[in-house]
Amino acid sequence: MSESFPGRDDGEKGAEQEPRLILASEVLPEHLPVLPIRPRPLFPGFPVPLEIGAEQVAIVQRALEYASKTIGVVLVRDPNGSDTPDNLHPVGVAAKILRVFQGEGDSTSILINCIERFTILDVSKAEFGMMARVRHHAPSDMEITEELKAYAMAVMTTLRDLVQYNPLQSEAIKMFLGRSTFDDPGRLADFAANLTTASGTELQEVLETFDVRQRINRVLVLLKREVEISKLHVEINRQIQEKISGQQREFFLREQLKAIKKELGLEKEGKTAEIEKFQERLKDLTLNEEARKAVDDEMDKLQLLEPHSPEYTVSRNYLDWLTSLPWGKFSVDSYDVDRARKILDRDHYGLADVKDRILEFIAVGKLKGEISGSILCLVGPPGVGKTSVGKSIADALGRTFYRFSLGGMRDEAEIKGHRRTYIGALPGKFLQAMKTAGTSNPLIMLDEIDKIGASFHGDPASALLEVLDPEQNNSFRDHYLDVPFDLSNVLFISTGNQLDTIPRPLLDRMEVIRLSGYIAEEKREIARRYLIPKALKANGLKAGQVTIRADALSQLIENYARESGVRNLENLIKKICRKGAMKIVREGEEGIVIRKEDVEPYLGKPVFTADEMFASTPGVVTGLAWTSMGGATLQVEATAVISKSKGFKQTGQLGAVMVESADIAYSYVMAHLEQYGARADFFDERFVHIHVPAGATPKDGPSAGVTMATALLSMMIKKPVLRKMAMTGELTLTGHVLPIGGVKEKVIAARRARLKVLIFPEGNRKDFEELPDYLKKGITVHFAETFEDVFAHAFPKSPKRER
């Protein structure tokens with residue numbers, strides 16, 4: 001056959017060709033079955049193996065029907081899309097099928113030889129797939145200009161550079177370069193593009209570039225990028241290899257060093273070293289007989305065990321704990337009372353009665369020659385310094401201080417440890433404390449003992465009985481160690497907010513010291529000595545940068561921090577310091593002085609006000625109460641509503657005991673109406689209501705009986721009690737006033753509220769007289785045996801009718 005053929009573009013530059021004879025098998029048909037491929041196109045001039053799916057076998061069979069056995073290989077636009085005409089790129093490669101290989105199952109592979117580019121003119125659907133009408137682009141002889149030769153040289157140079165970094169393709173590149181010249185730059189460009197790891201889109205652009213100069217220019221860019229990627233790949237491999245080589249070298253050297261040391265007797269086996277370590281520890285310890293026998297038995301057992309067995313780890317950990325405890329190690333106690341007084345005064349202001357009791361405790365220890373057998377319990381509201389007092393005692397005695405909290409503890413194993421049969425078993429908190437302290441006579445503080453819990457895991461409070469009993473703790477047996485350990489030399493100090501929630505057997509083993517709280521004068525001095533300097537330091541301020549004057553401090557204490565402790569006061573002082581620091585940083589102010597009128601802008605509206613107490617109103621009486629937060633004042637209101645039938649109710653979230661007190665007060669007053677100047681039929685047509693404000697706060701206790709009865713009488717005779725008066729006491733049905741608890745806390749609460757006249761039961765006279773003079777100063781106290789005495793002091797000008 002001769003002449004040109006339909007659909008064939010002879011010459012990439014459009015140059016005319018001389019007619020020549022060709023074989024029928026070499027004729028490329030105008031219509032080709034299309035084989036879609038992913039993810040990159042093929043280039044002319046190179047044989048390629050392809051694996052095809054079962055649905056593409058029909059396409060290959062159709063191509064084999066041609067004399068030329070030609071198929072059109074075209075890259076799809078969207079690799080995730082379907083094989084449709086719209087998803088084909090416009091340019092593909094005509095390829096001759098050389099062989100077909102049938103693999104296992106449905107797998108089929110073909111070997112094709114890519115011949116030349118073609119452009120798709122149109123595509124139609126067929127039974128086997130798609131048939132495309134194409135125009136072929138045969139390569140032509142072209143003039144090699146100096147520019148093309150330079151491009152070709154650049155490509156070949158870059159390929160040689162690529163050989164250095166990409167050994168996988170070095171043979172193919174060397175073979176091609178060995179046979180290639182500068183006479184066919186188009187084929188050189190196609191070969192180079194086929195070697196790169198560029199994306200399918202970039203390679204398709206090269207395939208669609210028919211102009212050789214533009215094509216070789218595109219390929220050169222891809223090659224340069226490929227060289228850079230290969231360099232980076234080589235560098236990463238080098239770094240990894242160096243790291244691995246270094247680790248291997250270090251491993252071999254360590255193994256050699258270990259072998260040399262073992263040969264020279266400089267290093268022993270791990271198990272031997274462990275046993276020698278335990279034996280070295282035992283030289284400085286004085287174990288009891290049972291503990292010594294347990295250690296010896298466990299040592300013998302450890303020597304027979306393999307280091308990789310689970311039992312070895314259990315045995316080793318057990319010996320580690322046994323030999324880490326301070327058996328027979330004691331710190332020397334200091335019984336210097338004067339030194340102890342200085343330390344307590346240095347760390348705390350006020351609390352004179354507490355300090356005296358601690359100094360008495362130290363003095364007794366000096367005479368006995370030891371401090372043991374006593375367990376102190378510091379009880380008081382939050383923020384009064386219970387934990388810090390414990391630290392000061394440890395400092396004064398020269399003992400190691402260890403603290404842990406019992407709050408929320410629900411598992412007995414926290415106290416007595418887990419048995420060794422459990423995975424991850426450990427001794428209890430007390431033996432852990434002994435190991436950390438390093439001595440057999442530390443000071444251990446048990447914080448929040450009133451908040452200890454109980455659950456199905458056991459009762460930790462009951463487990464504490466053995467620990468805190470001086471008759472038993474000299475042979476305390478932990479579940480993990482299962483040998484007796486002497487805790488009798490430990491000084492235990494517990495803290496709590498109230499005694500009601502501490503189990504009675506546990507409370508019997510402790511000596512209670514109450515920290516009642518601070519009055520305003522004490523708070524002012526504590527703030528000046530401790531809180532303000534501490535807050536300045538915590539906020540990066542120097543002395544003088546922020547100054548809180550005495551009047552501002554008084555305003556702060558009276559209107560913002562009336563609680564028993566000083567924790568809230570400390571937080572408020574820190575807040576003022578933070579705001580002062582902001583002014584210094586932002587506005588450049590120096591020497592900020594906080595006066596009384598500056599407190600509200602810094603802290604907002606006062607929480608309490610001077611006129612917070614109710615005005616002198618009939619039916620309203622101020623009572624005194626004790627809570628876990630310290631002493632407090634509360635108002636009792638009484639009113640009566642006209643009704644067809646009499647009745648009585650109480651509100652204010654009162655507890656059962658307080659409701660009973662209200663019933664007793666109502667019954668007593670109703671039985672003695674005429675005696676106190678009220679009509680005998682007052683209750684017959686009135687419904688009486690008693691309310692204790694702050695209804696969201698639960699209240700309970702018997703000490704509000706006289707207050708409720710006084711409020712009822714005040715309401716009936718329409719006369720208020722004396723101004724700035726408060727009272728407390730338990731009332732009986734016969735009118736007797738019984739003593740109550742928390743006298744000191746209630747007096748402190750009265751001073752905070754600026755009350756001047758108080759009524760206490762006669763039975764509390766001795767408790768009041770024991771209070772420090774500074775607490776009693778400025779307060780008039782009346783003591784009552786019966787409610788008649790209470791009435792006489794509350795309504796001094798009211799005539800009382802005879803019975």
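Trainee: Which residue in strand 13 does Met445 stand opposite?
Mentor: Met445 stands opposite Ile493 there. Keep in mind as we go that this is a predicted model.

Trainee: Got it. How many bridges join strand 10 to strand 13, and are the two parallel or antiparallel?
Mentor: Four bridges join them, and the two strands run parallel. Strand 13 covers residues 491–496.

Trainee: And what about strand 9, in what sense does that pair with strand 10?
Mentor: Strand 9, residues 401–405, pairs with strand 10 in the parallel sense, over five bridges.

Trainee: Which residue of strand 10 is the bridge partner of Phe404?
Mentor: That would be Leu446.

Trainee: Is strand 10 largely enclosed or open, and why?
Mentor: Five of the five residues of strand 10, 443–447, are buried, so the strand is largely enclosed by the rest of the structure. Both of its faces are covered. Leu443, Met445 and Asp447 are buried on one side, while Ile444 and Leu446 are buried on the other.

Trainee: Switching topic: which residues have the most contacts inside the largest nonpolar core?
Mentor: Leu556, Ile573 and Ile594 do, in a core of 55 residues. There is also another core apart from that one, with 53 residues, including Met299, Leu325, Leu464 and Leu499.

Trainee: Back to Ile594 for a second. What is Ile594 in contact with, leaving aside neighbours within four places in sequence?
Mentor: The list is Val546, Thr547, Ile548, Arg549, Ala552, Ile576, Val599 and Tyr602.

Trainee: Okay, now the outside. Which residues make the nonpolar surface patch of about 340 Å²?
Mentor: Leu232, Ile236, Ile240 and Ile244 make that patch. In soluble globular proteins, nonpolar side chains tend to be buried together.

Trainee: Where does Ile244 sit, and why does Ile244 count as partly exposed?
Mentor: Ile244 is in helix 6, which covers residues 212–264. Its relative accessibility is 36%, so Ile244 counts as partly exposed, the class between under 20% for buried and over 50% for exposed.

Trainee: One last residue: where is Asp347?
Mentor: Asp347 belongs to helix 10, residues 337–347. With a relative accessible area of 29%, Asp347 is partly exposed too.

Trainee: Which residues is Asp347 in contact with, again leaving aside the neighbours within four places in sequence?
Mentor: Ser392 and Tyr530.

Trainee: And what separates the C-alpha atoms of Asp347 and His793?
Mentor: A distance of 43 Å, and the two residues are 446 residues apart along the chain.

Key. Residues numbered from 1 in each chain as written. Predicted model: local features only at pLDDT ≥ 70, side-chain atom pairs only at ≥ 80, totals over all residues. Heavy atoms only, no water. Buried < 20%, exposed > 50% of the residue type's maximum accessible area, 1.4 Å probe, protein only. Pairing = 2+ DSSP bridges. Patch = residues over 30% accessible without salt bridge, like charges linked within 9 Å, V, L, I, M, F, W, Y side chains within 5 Å. Areas by Shrake-Rupley, 256 points an atom, 1.4 Å probe, with all protein chains shown as cover. Salt bridge = Lys/Arg side-chain N within 4 Å of Asp/Glu carboxyl O. Core = buried A, V, L, I, M, F, W, Y, C linked by side-chain atoms within 4.5 Å. Contact = heavy atoms within 4.5 Å.
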